[in-house]
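Got the model open in your viewer? Grab the selection tool and follow along, one backbone oddity after another.

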Amino acid sequence: MLKNSHSLNTKLVHAGEPDPRIEGAVSMPIFQSSTYEYGGERHYDDIRYIRLNNTPNHKAIQKKLAVIECAESALVTSSGMSAITTSLLTFLQQGDHLLAHNTLYGGTASFILEDLPRYGITCDLIDTTDSSDWITMLQPNTKVIYAETVTNPLLDVPELGAVVDFAKDNKLISMIDNTFASPVLFSPAELGFDLSLHSCTKYINGHSDIVAGAVIGGDDLIKKVTSRMNHLGGSLNPGACFLLHRAVKTLELRMIRQCENAGQIASFLENHPEIQNVKYPGLESSASHERAKKYLCGFGAMVSFEVAGGETRAKKFMDQLNLAIDAPSLGGLETLITRPALTSHSGMSPSEREKAGITDSLIRLSVGIELAEDLISDLDQALNKTTS
Ligand SMILES: *Cc1c(COP(=O)(O)O)cnc(C)c1O
């Protein structure tokens with residue numbers, strides 16, 4: 001029997017596993033059946049069918065995700081965006097208003113600013129690192145406050161406690177995209193957030209081989225999101241549930257190693273004369289360092305920086321790397337490198353990017369599990385081969 005007092009690694013391995021094991025199988029088998037014999041279910045959401053997110057594969061991985069974030073319930077979804085859009089559409093309706101952080105994941109920002117207004121839902125953007133003017137943005141129809149644990153690509157950490165308090169004081173549903181922190185670094189439910197959202201594509205799966213999402217929170221709220229999801233259709237197929245279930249067991253091992261590597265790389269970069277503007281919440285120079293220490297159990301595995309010599313040098317430097325793969329996305333066990341202006345933030349206009357501090361030469365590194373010394377010597381040789 002699993003106890004609350006068991007460590008995260010123990011929970012990652014044992015929580016949600018079928019009891020008794022199915023035919024004694026140590027690894028959760030894939031239930032590749034779209035529908036199931038009718039068993040007297042009285043409610044639509046209880047009918048056993050893949051789209052209704054209730055096959056044995058869904059139940060096992062959903063239980064595991066809820067336990068590791070110390071929450072009551074979880075729902076897995078076909079993508080991170082599906083987790084985000086379905087959650088927002090569950091708690092917002094025509095005439096409602098939400099407050100959201102001013103630098104959000106690109107897909108989320110586009111959905112909130114371009115799609116939601118088509119349904120009569122409006123938004124004001126706030127700086128989640130400074131709560132002083134939030135109250136002036138509040139409207140009688142404000143229903144939701146939305147933040148991200150660590151922002152992309154400048155890696156700021158909000159005043160997370162203030163977001164929770166503001167939501168409670170004003171009866172708002174608080175939602176947080178916890179993708180960049182992962183359940184290893186932050187448990188939104190423990191601090192008091194209503195819903196934690198994930199792109200499981202990133203750290204939770206960690207092997208760059210599936211796209212998936214999750215919504216984690218209290219029973220009542222997850223039931224509502226599940227009903228909405230059952231209509232909107234963003235369910236995860238059992239094969240992807242299986243891969244996610246297999247991968248999440250090593251989440252803490254991977255995350256700790258990736259954070260350690262990122263810390264070493266951030267120090268190397270900060271001390272290198274050819275590197276500028278290193279962003280990593282673990283550095284004392286980071287504007288978010290104190291908040292990261294206060295709220296997170298580690299500083300994450302993303303590092304952003306600029307090389308002296310601007311965009312031309314950035315491109316040449318990246319071409320010289322042998323280990324980091326030039327690709328968008330993040331959180332996998334292989335190190336990836338990208339320029340957000342060309343990938344994650346290419347949907348913004350150059351002036352919007354400039355305002356947000358995302359220059360054309362900004363480089364974002366998603367640090368993997370390779371040996372830190374190997375990654376650092378690769379960065380070093382690429383810097384030495386190029387000049388500003
Ligand atoms: C990738 C990402 C998403 C979207 O997830 P998908 O799985 O690609 O749909 C949402 N939020 C953050 C912070 C992300 O990094």
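## Backbone oddities, stop by stop

Start by selecting Pro153, which sits in the loop between strand S4 (142–148) and helix H6 (160–169). Helices (H or I, at least four residues) and strands (E, at least two) are DSSP runs, numbered from the N terminus. Add Asn152 to the selection: the peptide bond joining Asn152 and Pro153 is cis, with omega about 0°.

A quick note before moving on: this is a predicted model, where local features need pLDDT of at least 70 and side-chain atom pairs count only at pLDDT 80 or more, while totals for chains, interfaces and linings use all residues. Residues are numbered from 1 along each chain as its sequence is written, and side-chain values use heavy atoms, with hydrogens and water left out.

Now jump back to Pro20, in the loop between helix H1 (8–14) and helix H2 (56–68). Select Asp19 as well, and look at the bond from Asp19 to Pro20: that peptide bond is cis too, with omega near 5°.

Next, pick Lys171, in the loop between H6 and strand S5 (173–177). Check its phi: Lys171 is not a glycine, yet its phi is positive, about 55°. Is Lys171 buried or exposed? Lys171 is exposed, with a relative accessible area of 75%. The cut-offs are under 20% relative accessible area for buried and over 50% for exposed, with partly exposed in between (1.4 Å probe, protein chains only).

Last stop: Ser182, part of helix H7 (residues 182–185). Ser182 also has a positive phi, about 70°, without being a glycine. Turn on a surface here: Ser182 is buried, at a relative accessible area of 0%.
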